[in-house]
Amino acid sequence: MAAKWQRIKIQLDEPIKDEDAREVLGDLIVERIVERTSQGKDVDGNRFPAYSPKYKESLDFKIAGKGSTVDLQLSGDMLASLKVLKHTRNWIEVGFEKRSEENARADGNIRGTYGTDSPIPGKARNFLGISDKDLLKLVKYVKKSNSIA
Amino acid sequence: MSKNPTLSLKKTLSKIEKTIKESINAKALKPVAEFTIGIVVKRTRLGYGVEKELGERSKFTALSKRYVEDRKVFKGLASTTTAKRSNLTRTGEMLESMEYKVERGEITIFPSRRARKGSSGLTNYDLAGYHAKGNSKLPRRVFNNVSSKEFNQILRFYRKTFGDLLRLRGLIS
């Protein structure tokens, strides 16, 4: 089955008219998702399901110098490909390029499919999104830095 | 007498200038260079090369059957490869030898120019050059480049380092 296009539309409580400010906010959202994922936490702040013993024993795992933290990074390319796709004054969309290799990898993680047709129970690792609390913090920061309404 | 209402940015600008200078000096760029080497070596060991600067990564050409057989009986095969894996690793010496130089804000990473162990003067630098050039018997395998996605990772790392410097100088909270 083809991978789903992984993207998320983040609604803003209040419209942001300034285009540059939205760009900055989008970048900060991406940074936050990457940072939280690197800490081994999903969208809701919960720990990701552990890696399988088979994967842990693999040479790739050893080469990447991975430890016990599930950070969804082997080469690091998947998280490096996360970007702002679109934005309007009411929402910001972040995600992956449609049909890209990284989108397929992200889809495998988010739905827990990992190359199979249906999700493997308990293996979904949803990292694409931001909590209301984090979003509020970032919006506040951008508004303060840019003095925008 | 009233206070002069003019705002002088002299102090602030000097702080900014100092921070920018610091951000491109050898000491500040050292972690960036080390991070870059880590990325390049890891990707190569995973079996991917990058043909041109800021290009896309691609799988290395598979090893020949004859060479795989040779590797199967070779006693010194590094733990970061297998007989079949094409990842520019046999003893592991070339990738382990990666070094960097920081000059005038520019980072260069390269395999060591020292002679390889037990070889007749061949250096890891020469060996990497042969792989990058390739010939009729040796497929071209270029590893010492940074892909566009790796650039994003390096940029993120640099921003973090630069952000720390700005915080240190009290320019951002």
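Tutor: Helices and strands are DSSP runs, with at least four residues for a helix and at least two for a strand. Keep in mind that this is a predicted model.

Student: How many helices and strands does chain A have?

Tutor: Chain A has 6 helices and 3 strands. Reading from the N terminus, their order is β-α-α-α-α-β-β-α-α.

Student: Which strands pair, and in what direction do they run?

Tutor: Pairing asks for at least two bridges between two strands. In chain A, strand 1 (residues 7-11) and strand 3 (residues 91-95) run antiparallel and are joined by 5 bridges. Strand 2 (residues 83-87) is also antiparallel to strand 3, with 4 bridges between them.

Student: Which residues stand opposite each other there?

Tutor: In strand 3 of chain A, Glu93(A) is the residue opposite Lys9(A), and Gly95(A) is the one opposite Lys83(A).

Student: What joins strand 2 to strand 3 in chain A?

Tutor: A hairpin does, passing through 3 residues.

Student: How should I read the radius of gyration of chain A?

Tutor: Set it against the value for a compact globule, which for 149 residues would be near 15 Å; chain A has 16 Å, so the two agree. Along the principal axes, the C-alpha atoms of chain A fill a box of roughly 50 × 30 × 25 Å.

Student: And what share of chain A is buried?

Tutor: A residue is buried if 20 or more other C-beta atoms lie within 10 Å of its own. Of the 149 residues in chain A, 28% are buried.

Student: What do the contacts say about separation in sequence?

Tutor: Take the contacts in chain A between residues at least 6 apart in sequence: 67% of them join residues at least 24 apart.

Definitions and conventions:
Residues numbered from 1 in each chain as written. Chains lettered and ligands numbered in written order. Predicted model: local features only at pLDDT ≥ 70, side-chain atom pairs only at ≥ 80, totals over all residues. Rg over C-alpha atoms; globule rule 2.2 N^0.38 Å. Buried ≥ 20, exposed ≤ 12 C-beta atoms within 10 Å, placed from the backbone. Contact = placed C-beta atoms within 7 Å.
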